[in-house]
Amino acid sequence: MSETTYDVIVVGAGQVGATLALKLAPLLAARGLRLALVEASDAEPAVYRGEQFDPRVVALTPASRRIYEQLGLWRHIEAERACPYRDMLVWDGEASGRIGFHADELNCDQLGHIVENSVLVRHLRQALTYQSTVEWFRPAAVATLKQGDDGAVSVGLDTGHTLVAPLVIAADGAHSRVRELAGFNIREWPYEQRAIVTTVRTERPHGQTARQRFMRTGPLAFLPLRCHWGEADAGEHPWDEHYSSIVWSADSALADELLALDDTAFCDRLGRDFEYTLGAVTGTDRRHGIPLYQRHARDYIRPGIALVGDAAHSIHPLAGQGVNLGMKDVQALYQEIERALTRGLPLSELSILRRYQRQRLGDNLGMMATMEGFKRLFGSRSPVWIALRNTGLRRVDDLPLIKNTLAQKAMGV
């Protein structure tokens with residue numbers, strides 16, 4: 001097949017790639033430019049209704065939510081299913097240290113929202129179908145990647161199509177094919193843990209509170225979900241708040257044990273290990289075990305190529321910041337592309353990508369180092385470290401200025 005030329009190619013139409021493509025579409029259309037969006041899977045996100053939930057959820061910060069507000073999608077996402085959380089409680093399962101964050105103390109309506117991944121991706125892809133400047137290639141996987149003498153990048157697909165553009169953006173996840181073919185170096189190591197994710201029902205409602213208990217075998221988080229009661233019983237309180245998405249980052253041996261339990265035994269073990277904070281765990285959906293790794297590309301850019309989201313960095317899920325780092329990547333790269341187009345610079349101009357990398361590399365490395373430090377600190381069995389971390393939690397909890405500054409940084413405000 002012959003080559004087709006575009007101005008930007010985005011590889012990967014998951015949350016990060018689809019968000020970036022949707023932000024870029026009107027910017028490019030106003031200048032008569034075109035975008036190709038390549039997605040390996042032809043499957044649409046599943047639709048979950050009633051008491052069924054997507055096991056993959058994201059904890060959106062206010063900064064990430066604003067992106068969807070600007071795109072005109074948030075009201076639709078929120079109306080379908082998004083659970084706000086006003087409070088966050090974190091405590092040490094080995095001792096008595098704890099810290100709480102509260103929306104009222106920060107003069108805001110909520111600290112964030114828990115949203116199912118399928119809800120976000122479905123609304124993004126529906127919106128992209130109305131963008132005439134975006135041409136989809138799906139299902140299609142990247143097979144080859146070549147840099148031309150003129151600086152343009154040629155992307156060969158397994159469908160036989162060849163796409164050429166001055167800028168290719170890799171949003172194709174932690175196992176990025178673009179990253180591999182372009183020869184980016186990465187640092188990677190396993191955490192020797194698996195994240196067990198599922199949806200559970202609890203005896204007591206969560207009260208729009210995100211909770212996390214740190215244990216020496218790994219952190220256990222309950223993230224609040226909600227679904228509609230039956231219409232006849234809706235009244236003034238239409239939401240059922242007895243559901244939570246759990247992320248249990250357990251050492252590999254414990255993860256094997258937990259995955260082997262039947263549902264009743266798992267619910268009993270989960271309730272006990274979460275100290276019956278929400279009463280008994282009365283039901284569980286299917287459990288999924290996901291091996292945990294830390295990955296980070298040494299550089300995010302090559303001439304004509306940029307990495308965003310998990311293609312550039314993957315971190316431990318203990319703080320739920322992975323997708324929000326990806327949203328920061330999206331915002332930074334969009335701003336650099338907008339700046340270049342406003343100034344009449346070609347999108348092959350390497351200074352565009354260098355500015356993007358300067359903005360994001362340090363911030364992402366800082367967050368990764370912080371998460372690694374938390375994992376090591378709370379995984380320690382040393383009585384000295386247990387005493388120190390508990391004293392630290394209590395003292396920070398008693399210092400509103402420091403505590404609220406930490407919360408605002410995490411929220412992106």
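The following exchange concerns the strands of a predicted model.

Biologist: What makes strand 11 largely enclosed by the rest of the structure?

Modeller: Buried means under 20% relative accessible area. Five of the five residues of strand 11, residues 153-157, are buried, so this strand is largely enclosed.

Biologist: How do you know that both faces of strand 11 are covered?

Modeller: In a regular strand the side chains alternate between the two faces of the sheet. Val-153, Val-155 and Leu-157 lie on one side of strand 11, Ser-154 and Gly-156 on the other, and all are buried.

Biologist: Why are strand 10 and strand 11 said to pair?

Modeller: Two strands pair if DSSP finds at least two bridges between them. Strand 10, residues 142-147, and strand 11 have five bridges in the antiparallel sense, and they therefore pair. Val-142 stands opposite Leu-157 in strand 11. The hairpin of these strands has five residues between them, and there Gly-151 takes a positive phi near 95°.

Biologist: How many bridges join strand 11 to strand 12?

Modeller: Four bridges join strand 11 to strand 12, residues 162-165, and the two run antiparallel. The bridge partner of Val-153 in strand 12 is Ala-165. In this hairpin, with four residues between the strands, Gly-160 takes a positive phi near 100°.

Biologist: In the open sheet of three strands, with the order 4-8-5 and antiparallel pairing, why is one side of strand 4 and of strand 5 left without a neighbour?

Modeller: Strand 4 (57-60) and strand 5 (82-85) each have a single partner strand, so they stand at the edges with one side unpaired in the sheet. Neighbouring strands of this sheet are turned by 20° against each other on average, direction ignored. Strand 5 and strand 8, residues 112-116, pair over four bridges, and Cys-83 stands opposite Ile-114 in strand 8.

Notes: Residues are numbered from 1 along each chain as its sequence is written. This is a predicted model: local features need pLDDT of at least 70, side-chain atom pairs count only at pLDDT 80 or more; totals for chains, interfaces and linings use all residues. Side-chain values use heavy atoms; hydrogens and water are left out. Buried means under 20% relative accessible area, exposed over 50%, partly exposed in between (1.4 Å probe, protein chains only). Axes are lines fitted to C-alpha atoms, for helices over the stretch in contact, and angles run from 0 to 180 degrees between N-to-C directions.
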